[in-house]
Structure formats: C-alpha cells, structure tokens
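Me: Could you walk me through a structure I have just opened? I would like to start with the surface and then move on to pockets and charged pairs.

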Amino acid sequence: AFLLPYLISLFLCGIPLVALELSLGQYFRQGPTTVFYKICPLLGGTGYAMLISLFLSMINYVVIFAWVLFYLIASFMNPLPWTSCGNSWNTEDCYVRNGSNSNMSGVSPSQEFFDYRMLQMTDHPNKFGTVSWELALLLFAAWALIYLCVFKGITWSGKVVYVTATFPYLVLIILFFRGVTLAGAGNGISYYLRIDVSKLRVARTWGNAATQIFYSLVTGYGPMITFGSYNKRSYNVVRDATIISLTNCATSFFSGFVVFSVLGYLAHQQGLPVPEVVNQGPGLVFSVYPAALSTLPGANFWSIIFFLMLITLGLDSAMGGMEGLTTGVTDAYPKLLPRKMWVNLGFTVLLLIIGLTCVTTGGFYIFNLFNWYSAGIGLFVTTLVEIIAVSYFYGGNRFIKNLSRVINKPIWLYWKVSWYFLTPTMILVVLLFSTIDYYPIVYGNNIPYPWWGEFLGWLMTILILSGILIPAIYQLIVTKGTIKERFIKLTYVPKTEEEMEADLACDMNVEDAKLPPPPYRNTYSMYSCESTV
C-alpha cells in the first residue's frame with residue numbers, strides 16, 4: 001500500500017521540489033538562509049526553518065550511524081551474537097523461532113540483541129539511565145569520520161562521494177541476486193508489490209509516503225539549494241533534477257526487492273506469513289534483516305557487507321547535511337567563510353553533545369522523539385511556504401522565464417503546472433490529513449509517552465516554524481511605512497538590472513538587440529521571451 005502513494009508523491013512533490021530547490025540555488029547562487037530574501041523578504045526565514053529541520057534530523061541520523069558501526073563490529077564475531085539465546089543480555093522470553101515452533105510466542109534473539117545488548121534499553125521513558133560508553137565512543141567515531149570528510153569543503157567531500165555513492169550499488173546487486181535465489185523470496189516480493197486498497201484510505205499512509213520522499217530526496221531541508229548554488233549558472237539543472245530524483249527513487253524501489261526477497265525467505269524459514277516478520281523503522285534494519293542474513297551460509301560475510309553498505313550510505317547523506325548547515329551559516333554571516341572549517345567543527349561538537357542524549361540506556365525514547373517530530377508537520381509547512389513564496393510572491397512565470405534564459409533551455413509545462421498547482425495542493429492535502437489524523441507518540445505496545453514527550457515534540461515543531469515566523473515579524477517591525485506599504489515592500493521584489501535588460505532585449509527582438517556587457521553577455525536565448533513549452 002505504501003508503493004502507490006510513494007510514486008504519486010514522487011511525481012507530484014518530489015521531482016518538482018528537487019528541480020525547484022536546485023534551480024533556486026543555481027540561479028541566485030545562494031544557500032537557503034539568504035536565497036529566500038531575494039524571493040520574498042517577508043518569508044526570508046524559510047531557509048532558517050529548513051536548517052532547523054536539518055539540524056534536528058542530523059542528531060538522530062548520526063545516532064543510527066553509531067548503531068551501524070556497533071553492528072559492523074559485532075558482525076566479525078562467530079557465531080553472530082544475535083543468533084542465539086542464553087547470552088548475558090537475553091531474557092526468559094527469548095526464543096529461536098523455526099518452522100517447527102512457529103506458534104510459540106516470545107522475543108527473537110535479534111530483537112533482544114538490539115534492545116538489551118546494544119541499547120541496554122530501560123522499560124520506561126522516565127528512566128533516562130546513564131550513558132552507554134560503547135555507543136558514546138561509536139557516536140564520537142561517527143562524527144569524527146564525518147568531519148574528516150567535510151572539513152576541507154565541497155572539493156574534498158566531492159572526492160569521497162566517488163566511493164560512498166558507488167559502493168552501495170555493488171552491494172545491493174550482490175544482495176539482490178542472493179536474495180531472489182532463496183526459498184520463499186517470491187512470497188516476500190509478492191507482498192512488497194501488493195496494493196492494500198484499505199490502507200490507501202488512511203491519511204498516515206500518504207503522510208508517511210510524502211515524508212519518505214522529502215527525506216530521501218532531502219527536499220525541504222536546504223542541502224539541495226546549497227548544492228545547486230555550486231553549479232554553473234548555465235547548467236541544465238532541470239534535466240539533472242529529474243535524473244537525480246528518478247535514480248534515487250528507482251534505487252529505493254530496487255532496494256525493496258533486496259529487502260523483501262530476504263524477508264520472504266525468513267518467513268519461509270520460520271513458517272510464518274510475510275506480514276508477521278515485517279517490521280518498521282529501526283527494527284527492520286537492526287533486527288529482522290540481520291536475523292535473516294544470519295541464517296545464510298557465510299552469514300558473517302553477508303552481515304559485514306550489509307552494514308558496510310549502510311555506513312557508506314550514512315556517510316554520504318551526513319556529508320550533504322553538514323554542507324547544508326555550514327553553507328547556510330556562512331552565507332548568512334560571510335565573515336565566517338574563511339573559517340568554514342571551524343564552523344564545521346562547531347556543528348560537529350554541538351550535534352555530538354546533543355546526540356549523547358540518545359545513547360543513554362533510556363536514549364532510544366529520545367531518539368524516537370527526534371525521529372517523529374523533526375520530519376512531520378514542521379517540514380510540510382516549510383515546503384508549502386517555500387513553493388508559495390516562489391510561485392505566488394516572486395512569481396512562477398518570472399522565475400521560469402529567468403531560469404530558461406540562463407540555462408538556454410525551455411521549461412516544460414509540467415514544471416509550471418506542478419509549481420503553481422499540483423505540488424502545493426499535494427503538500428496542503430497531506431498536511432491537513434496529517435494534522436487531522438495526528439496522534440501522540442507512543443512506545444512499546446502503543447503506550448503513550450509521558451507529558452514531557454509530547455511537550456518536547458511540539459517544541460521541536462514550533463522551533464522549526466519559528467524560523468519562518470520570527471524573521472517575518474522582525475522584517476515587519478524594521479520596515480518603514482504603513483502596514484500595507486510594509487507588506488508590499490516585503491512581498492514584492494523589484495526586477496533586477498539583469499531582468500530589465502533581458503526584457504528590453506525581448507522588446508527589441510533578441511536577434512537585433514544590443515547585447516549588454518559582461519557578466520550578462522551570451523545569457524540571452526530564443527527562450528528568453530517564450531520560456532514555457
């Protein structure tokens with residue numbers, strides 16, 4: 001049921017937003033904290049809201065990175081430590097399920113390894129516990145590795161990407177061919193591709209699909225705008241945005257076959273229906289899938305390459321997030337640009353310190369709060385404001401015309417329809433349904449968090465939205481004039497000299513127009529006046 005909403009969200013939200021954000025960065029040559037002031041000063045804080053969302057997401061993202069390092073180290077142990085009961089961390093409820101005892105109830109050794117060996121998890125969010133020094137050291141190692149990859153800037157991290165972006169594909173292909181040859185793989189794949197119409201009526205299904213699109217394509221967080229700002233201004237960014245989005249989601253789709261073929265095999269091994277072995281969230285990566293790999297011949301090898309793949313994926317995404325954070329700060333405060341290495345270090349230390357709250361024995365409950373609220377209502381509102389600012393305040397036609405001029409290509413009607421109508425409508429619908437269908441965060445067997453969990457969660461949402469509201473209020477206060485005059489000044493950006501010269505060239509007929517001096521020479525094209533086809 002997730003696949004159909006995912007694909008719809010991709011074409012209505014994902015691809016248009018990636019194209020928009022890369023285009024914004026490329027055209028204005030600015031990161032998220034400054035670019036929106038060139039579009040609509042009243043909503044200039046949209047970039048700050050993006051960075052707040054990114055900051056909060058980076059906390060729990062790198063905690064997962066530390067977990068992966070833990071499992072990678074454990075993968076060198078023989079036998080794998082999550083394959084049996086009787087260990088010091090196991091409880092009386094632990095049991096090893098197989099085809100002969102599939103009706104027995106209890107907790108799998110892989111789940112207990114995750115809960116009680118790695119997390120050493122307490123039984124209630126109020127029991128915060130002490131720091132797990134194993135995870136704390138691994139969190140430090142994760143952040144140290146990320147910093148070493150980004151401290152020299154985009155030129156250095158760009159070289160690292162050659163490894164981190166290609167190695168996962170090699171592992172996925174290996175795991176795919178191993179998975180589809182296993183007994184029961186067909187049942188898992190059939191379950192993956194099956195559409196449950198009843199779940200399509202549930203608002204949360206669509207909200208989760210949209211959130212996954214935003215998260216996997218990093219839209220609404222700012223890095224796409226940052227990366228776009230490094231492009232040459234004449235680069236065909238719309239084409240590349242389409243390729244990036246489709247490649248990303250095709251990879252996710254392909255990964256589904258890798259995962260569900262193995263889950264089908266696990267269900268076959270345990271004599272259970274596939275839905276009963278499928279888990280969501282961290283449980284799938286750290287409990288179910290490792291349990292399945294542990295039953296294969298050469299289990300250590302499969303486990304090692306799987307977690308190595310996750311490390312390269314995590315490193316790749318974390319580098320993008322750090323680049324988005326530091327560029328956002330140095331754009332807003334240009335004096336810090338020569339000290340960008342120290343800005344990177346500052347973010348690294350700050351995020352590491354906050355992340356320590358997630359590696360205590362009660363830290364998993366804090367992790368869930370970051371995971372639940374850093375990408376939700378706040379993210380939907382931010383992306384909605386973003387596209388409204390471009391399409392309706394700056395002017396969609398104006399932006400399309402400017403973009404078409406500098407890339408010397410026509411902008412197809414699909415983009416115009418998406419940016420004006422389809423994408424904002426989709427985001428608004430998902431936002432409304434997510435708000436109506438909202439329920440408080442829970443743990444365990446749907447047990448509600450204490451009051452402070454809900455309070456901290458909404459505090460994070462308010463913090464994200466304050467990135468838009470506080471700068472807007474400040475702009476209204478410092479701008480001179482009546483209230484009406486202030487709103488006009490803050491919602492309309494006059495045409496730049498470049499735009500006026502381009503308009504003049506159109507009026508005079510481009511072929512006969514006197515070309516302006518650099519830096520605008522050779523930027524006019526046959527698409528300068530008629531930019532949408």
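**Surface, pocket and charged pairs**

Reply: To begin at the start of the chain, L7 lies in helix α1, which covers residues 3–28. Please keep in mind throughout that this is a predicted model.

Me: Is L7 buried or exposed, then?
Reply: L7 falls in between and counts as partly exposed, because its relative accessible area is 36%.

Me: Which residues form a nonpolar patch on the surface with L7?
Reply: The patch is made up of L7, F11, L246, W412 and Y414, and together these residues have about 480 Å² of accessible area.

Me: OK, switching to pockets. How much space lies in the second largest pocket?
Reply: The volume computed for the second largest pocket is about 640 Å³.

Me: And what lines it, especially around the centre?
Reply: The lining of the second largest pocket consists of 28 residues, and those nearest the centre are R97, S108, S110, Q270 and A291.

Me: Which helix gives the most to that lining?
Reply: That is α4, which contributes five residues to the lining of the second largest pocket. Helices that each supply at least two lining residues are α4 (109–118), α12 (237–270) and α13 (282–293).

Me: Now charges. How many salt bridges does the count come to?
Reply: The count comes to six salt bridges. One of them joins the side chains of R117 and E134, with an N to O distance of 3.0 Å. This pair links distant parts of the chain, since R117 sits in helix α4 and E134 in helix α5 (residues 133–150), 17 residues apart.

Me: How exposed are R117 and E134?
Reply: R117 is partly exposed, with a relative accessible area of 23%, and E134 is also partly exposed, with a value of 35%.

Me: What about D123, which side chain does it meet?
Reply: The side chain of D123 meets that of K127 in a salt bridge, again described by an N to O distance of 3.0 Å. D123 is exposed, at 54% relative accessible area, whereas K127 is partly exposed, at 45%.

Me: And where does R405 come in, which partner does it meet?
Reply: R405 and E498 meet through their side chains in a salt bridge of 3.0 Å, N to O. R405 lies in helix α17 (residues 377–407) and E498 in helix α21, so this pair ties together parts of the chain that are 93 residues apart in sequence.

Me: Why does R405 count as buried?
Reply: R405 counts as buried because its relative accessibility is 1%, and the cut-off for buried is under 20%. E498 counts as buried as well, at 5% relative accessibility.

Me: Which residues are linked with R405 in a network of salt bridges?
Reply: The network links R405 with R233 and E498.

Me: Last one: where is K495 found?
Reply: K495 is in the loop between α20 (483–491) and α21 (497–507), and with a relative accessible area of 39% K495 is partly exposed.

Me: What is K495 in contact with, leaving aside its neighbours within four places in sequence?
Reply: With those neighbours set aside, K495 is in contact with R398, M500 and D503. As for Y394, its C-alpha is 9.9 Å from that of K495, although the two residues are 101 apart in sequence.

Conventions: Residues numbered from 1 in each chain as written. Predicted model: local features only at pLDDT ≥ 70, side-chain atom pairs only at ≥ 80, totals over all residues. Heavy atoms only, no water. Patch = residues over 30% accessible without salt bridge, like charges linked within 9 Å, V, L, I, M, F, W, Y side chains within 5 Å. Areas by Shrake-Rupley, 256 points an atom, 1.4 Å probe, with all protein chains shown as cover. Salt bridge = Lys/Arg side-chain N within 4 Å of Asp/Glu carboxyl O. Helix = DSSP H or I, 4+ residues; strand = E, 2+ residues; numbered from the N terminus. Buried < 20%, exposed > 50% of the residue type's maximum accessible area, 1.4 Å probe, protein only. Contact = heavy atoms within 4.5 Å. 1 Å grid on protein atoms, 1.4 Å probe; cavity = no way out; pocket = protein on both sides within 12 Å on 5 of 7 lines; lining within 4 Å. Points joined across faces, edges and corners; volume = space filled by probe spheres on them.
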